[in-house]
Amino acid sequence: MRRLLYLTVAAILAAACSGSTTFVEELPDIYPDYIGVTIPAGIAPMNFNLPDGYDRVFVKVTGSKGGELKARGRWASFDIRKWHRLTEQNAGGTLLFTVLGKKDGRWTQWRDFIMYVSDAPLTDYGMTYRKMAPGYTTYSRIGIYQRDIHTFDEEPIIESTLAPGQCMGCHTANATDPSQFMFHLRGQHGATLVQHDGVRDWVTTKTDSTIGNVAYCYWHPEGRWFAGSINPVRQSFWTGDRRTIEVFDLASDVVIMDTRDYSLVLDPRLMTEDYLESTPAFSADGRTLYYLRAKAFDVPAQVDSIKYDLMKAPFDAATGTLGEIETVIPASEEGYSVTFPRPSYDGRWLMYNKADFSIFPIDHKEADLWLMDLQTGETRPLDEVNSPYSESFHNWSSDSRWFLFSSRRADGLYVQVYISSIDADGHCTKPFVLPQKNPRKYYHDTLYSFNVPDFTKSKVRFRTRGTYREVFSDERVQATVK
Amino acid sequence: MSSLLGAAVFAFWMWLYPQGLNYQEQNQLFLFTWDYFAGRLALPGGLADWLSEGLVQLFYVRLLGALIHAVLAVLLQLGVWKAAGCAGREKDRVLYALSFLPSLLMLVHMGDVEVLMSFPVALLIAVALCPLFVWAGWHRIWLIPLGWWLVGPVIAVPVAVSCLRGRKWSDLVMLLWLVPVFFAQYRLLAAQYPPRDALFGLNYYRLVESLPALQPVIPAVTVVCIVLCGSGLRLRNQLAVDIALAAVLVLGAAGGTALSYDKDTYEVLAYDWLIRNERYGDVVKRAAKYQPRNPISACSVNFSLFMERQLDARLTQFYQCGTQGLVLPSIRDNLSDITSAELLWMMGMPNITLQYCFDLQESIQNGRKSGRFMSRIAECNIVNGWYDRAEKYLDILEHSLFYRKWAREHKDMIADEASVAADPVYSYIRSVRFRDDFITAYDALDLMMAVLYNQNNNNFMAAEYYSAWQRLKQWEGGK
C-alpha cells in the first residue's frame, strides 16, 4: 500500500515535472550553502531550504558508490537513518544532489551539485557550546548545551535558570574528553566548577596573590594541570556604523592550577603589570605552553594599540613550572593581533585568529582564522574557510581531522558554528554550518549566538540535581598558591 | 454584585493604573507561532502561561486590558461560588461575599508589577476544574499530572477541594499523589530551575528566586473560601453577616491596594507610559503635582520638558539629581533606561540606544522579549544599514498582533534603500549621528553632545541637553 502511494506520488511528480519543468544552468540558491562542502559520514542530515517563494522542493541524492535518497516537502528534509546509510556507503566518495523547486505552480530544476563525503570519520559524539544573545552587558538566558552532531538532538548541560543571576563562562573539556571539564560562574556566587569523572568541586580560584578568578582555561593533556588567564573584562561601545562593541581586559595574567590540591603556580613573567598575558593553551604533548602577550595601554582610549603576540615556554609537568619564554608570532611588530591559539591534538597544527587589534575577535569583522604548521613554523590564512565577517573561536575534533569555528557570516551579528576538515597537508575543505532540521527557520528565528564551541568525544554527564544548592551555598574550595 | 466587582476592577485599571497594563505588555512578546506555543508548553504551567500572554498582548489597547482584568476577576469570583456548589450541596451555599475574596486578593497581589497574568489565569482554570475533580474519582490519577503540566502547582486547589469534599481515604491518596507528580514534573520538565521555583510556579512571577507572600496564600485562601462557601453553615442572620463580610472585604481591598500599589513605582511607570504615547505635557503636569525623587523620574520629566520646549526655563522647578537625571548610565533592569534610550535615539546616538534597548530587553528576568524594545532594536539596525539583522527582528515582530503591520512596512522599506533614505526619522538620525567612529564613555556624554551639535547645528537637542548638563554639573558642584 505504502509503495503504491509512493509510486503514485512519484508518477504525479514526474508528470508535473516533465510537463512544465524549467531547467536552468545555475546552481540552486540553497540555504545553508552546502554546495561543494565536505561532510563526515554519519553527520546529521544536511537539510536545506530554497529561497522564499518556493513552496515545494524535490531532491534526489545519488551516491557515487551507490545508494539513493529522496526528499520532498516544503524544504529538503532527509530521513535520518537513510541519510546515515547513504553517507556511510559513500565515505570517500561524493553525493550528487538533483534539486527541483516549485514556485507559482511551476517547477524549476537547477544544475546538480556535489557534496563530498570524507573518508575521515568524525567519531566524536557531538559538540558543546554556550548559547546567549549576542550583545551587550545583560543576558536574560544563557546556557551551555550539547548537541549530538549525528542527529538534531540538543540538550542543556546547565542553563542560567538553575543559577540565576550568575553569568556562565566557557565550558572547557580536556581535549574533547568530557570526563574532565570545567566552567565558570561569574557573579555574587561565582566559582569555577571542576569535574573529574563525575566528582565535582566548586573552586574559588582568586587568591590574595592574583587579580581575580581564572577565565580562559586550557587543560594539560595529562589532566593534572590547567592553565588559565585572569581577565577583568570590560566593554565599550563604538559610535559608528561599522561595529558596536569593543571588549578588552583592564589587566590580565596567566596562572597554572594543580587540580590535585587546587594550588596555583605563579610565574612573575606571566603576571607583569606592563603587559597583558592571556589565553593559554598546552601543546598536544603537554611540553609547551602557548599564551598571548601584549603591551598594556590605557583602555578604552588606546584599545586599538593593544596587539597580542603569540608566546611559548617549555612546561614541566612534574612541577608545573615554565622554562625560557620565546616569541612564536611577533604579531604586534607587524601591526596586528593574535588570539585564541589552539594546537591540534595530533601536534601538527596550531590554529589562531588574526585581527587588527584586541583579544576578542568576535566583534572584529576583519578577524580571520590562520594556521601554523608546527613542523615548519609557516603560517597562512585559512582562505578556504574565512569570510568577510568575523571568524573567531575554534577547536579541534579529538583526532584533529576536523575543526569547528564560530563565524558571523550569516548576518554580521549572530554567531553560527561551522565545521571543516583538514588533510595531512593542511588543506581545509569548504565549511558547512551545523545542520538543523529546518535550517532557515532555525537560524533566522533564533535570538542566540553559539559561543565557544568545542567537540565532545562523548556525551557530557552533568548532574543538575543539587547544583542550585551548591552554587548558592557558597561552599567553595579555596585555591592556594604553591 | 459580580457586575459591581467587574466595574470596579475595570475602572481601577482603566483610570487609576493604566500604566500597569503598559508595563505588562512591554515585557513580553506573544507570537502566533507553533514554536512559541511549544516553548511555553515545555514547562509546567505552560498552557496558562501561553493563554495569559495571549491576553496580555491585548493590553496594548488600554480598554482591552482593563476589560480583561475585569472579566478575569468576575470569572474567578463566579468560579469560586460555582465550585462551592460542588464542594457542598448547591442549595447549601452560604457566605456569598467570601467568593469575592480570591479576586480581591488577586487585585491586591497585582499591585506588584512583576506578578504575571498567568497566575490569575492558572488559578481561574484550577477553580473551574473543581467540579471535574470532585466528580473524577480515580481519574484524578492522570488528571493531576496533566493539570500540573498545563496550569502549574495551583492544580493543588481542585485536588484539595475534592479531598475536603470527599473525605475518603482515596482523596487523601490523591492529595499525596501531588508529591510524586511534582518530583516527576520537576525531573522531566523543570530540571534546569531551582526546586522552590518549580514548586511554587515557574511562570507566576517575573523575577527569579522570588516568592511573593501572596503567591502561596491566594490558592490556599481560595480553597478555604470554596469550602466555607459550600459548608452550609446555618447563621442566625445571614444577611447581616454577608453585609459585614462585604464591608470588611471592601475596606480590606482598599487598604491592601493602597499598600500594594507603590506610589513612586507607578508614577515612574506612568511617565514611561505617557512618553511611549508621546503625551509629554501630561508628564510635566503629573510631575508638577507629585514627582518621585529618583533618577528615572528626573530623566523622564527632563525629557518631557525638552519635548515641551521648557527644559531650559523649568529645569530647576523639578526634582534633579545631577547629570544622571538627564541621561541615565547603563542600568541592568527592564525599566530605568527606557527614557534615556528614547532621547539618545532622537539626539543621534543610535548605537547607545541599541545597547540600552538590548539590555532592557535582556533584563526581563523571565527571558521574554519585548515588542517595544525589539522594534527600536530593529530601527537602530536600519539606521546603521544592517538590514539583515533588522530583518531578523522584523520577521519575529511580524508574528505578533500589534507590531505586525509596522514590521511589514519596515520590511518593505529595507528592501529599498531609497525608502530608508527618504524616511524622515531615519534620514534625520543618519544626518545628525557621529561622523567619526570612536568609543563612547558615559562620563564624556556632554562632550559627545557637543560633538553632535558642532557636526550639525540643526541638532538643537544636543545643544539643549549639553547646556542642561553643564547647569546640573555646576549645580551639583555648588551643593
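Two residues are in contact here if their C-beta atoms, placed from the backbone, lie within 7 Å. Keep that cut-off in mind as we walk through this predicted model, starting from a single residue and working outwards.

Our starting point is A:Leu310. Setting aside neighbours within four places in sequence, A:Leu310 is in contact with A:Tyr290, A:Leu292, A:Val328, A:Ile329, A:Ala331, A:Val338, A:Pro341 and A:Tyr352. If you would like to find this spot in the viewer, centre on A:Leu310 and pick out those partners, among them A:Tyr290 and A:Tyr352.

Now step back to the core around that residue. The largest nonpolar core counts 133 residues, and A:Leu310 shares with A:Ala227 the distinction of having the most contacts inside it. Which strand of chain A gives the most to this core? The answer is β16, residues 214-219, which supplies six residues. Apart from this core lies another one, made of 76 residues, and its members include B:Phe12, B:Ala97, B:Leu123 and B:Phe182.

Next, let us look at how chain A is divided. Its domain assignment gives domain 1, spanning 2-118, and domain 2, spanning 126-473. Between the C-alpha centres of these two domains of chain A there are 37 Å. Where they meet, domain 1 of chain A brings 20 residues and domain 2 of chain A brings 17 residues. On the domain 1 side of that contact, strand β2 of chain A (residues 38-40) has the largest share, with three residues. By class, this domain 1 side holds 13 nonpolar and seven polar residues, and no charged ones.

Chain B has its own pair of domains. Here the assignment gives domain 1 as 2-261 and domain 2 as 309-478, and the C-alpha centres of the two lie 40 Å apart. Their contact draws 14 residues from domain 1 of chain B and 15 residues from domain 2 of chain B. The side belonging to domain 1 of chain B divides into seven nonpolar residues, six polar and one charged.

Finally, we come to the place where the chains touch each other. How many residues does each chain put into the contact? Chain B provides 33 residues and chain A provides 31 residues. On the side of chain B, α20 (350-362) and α22 (387-397) each supply at least two residues. Of the elements on that side, α20(B) gives the most, with seven residues. Sorted by class, the side of chain B that touches chain A has 13 nonpolar, 10 polar and 10 charged residues.

Notes. Residues are numbered from 1 along each chain as its sequence is written. Chains are lettered from A and ligands numbered from 1 in the order in which they are written. This is a predicted model: local features need pLDDT of at least 70, side-chain atom pairs count only at pLDDT 80 or more; totals for chains, interfaces and linings use all residues. Helices (H or I, at least four residues) and strands (E, at least two) are DSSP runs, numbered from the N terminus. Ala, Val, Leu, Ile, Met, Phe, Trp, Tyr, Cys and Pro count as nonpolar, Asp, Glu, Lys and Arg as charged, and the others, Gly among them, as polar. A nonpolar core is a set of buried Ala, Val, Leu, Ile, Met, Phe, Trp, Tyr and Cys residues joined through C-beta atoms within 7 Å. A residue is buried if 20 or more other C-beta atoms lie within 10 Å of its own, exposed if 12 or fewer, and partly exposed in between; C-beta atoms are placed from the backbone. Domain bounds come from an automatic or database domain assignment.
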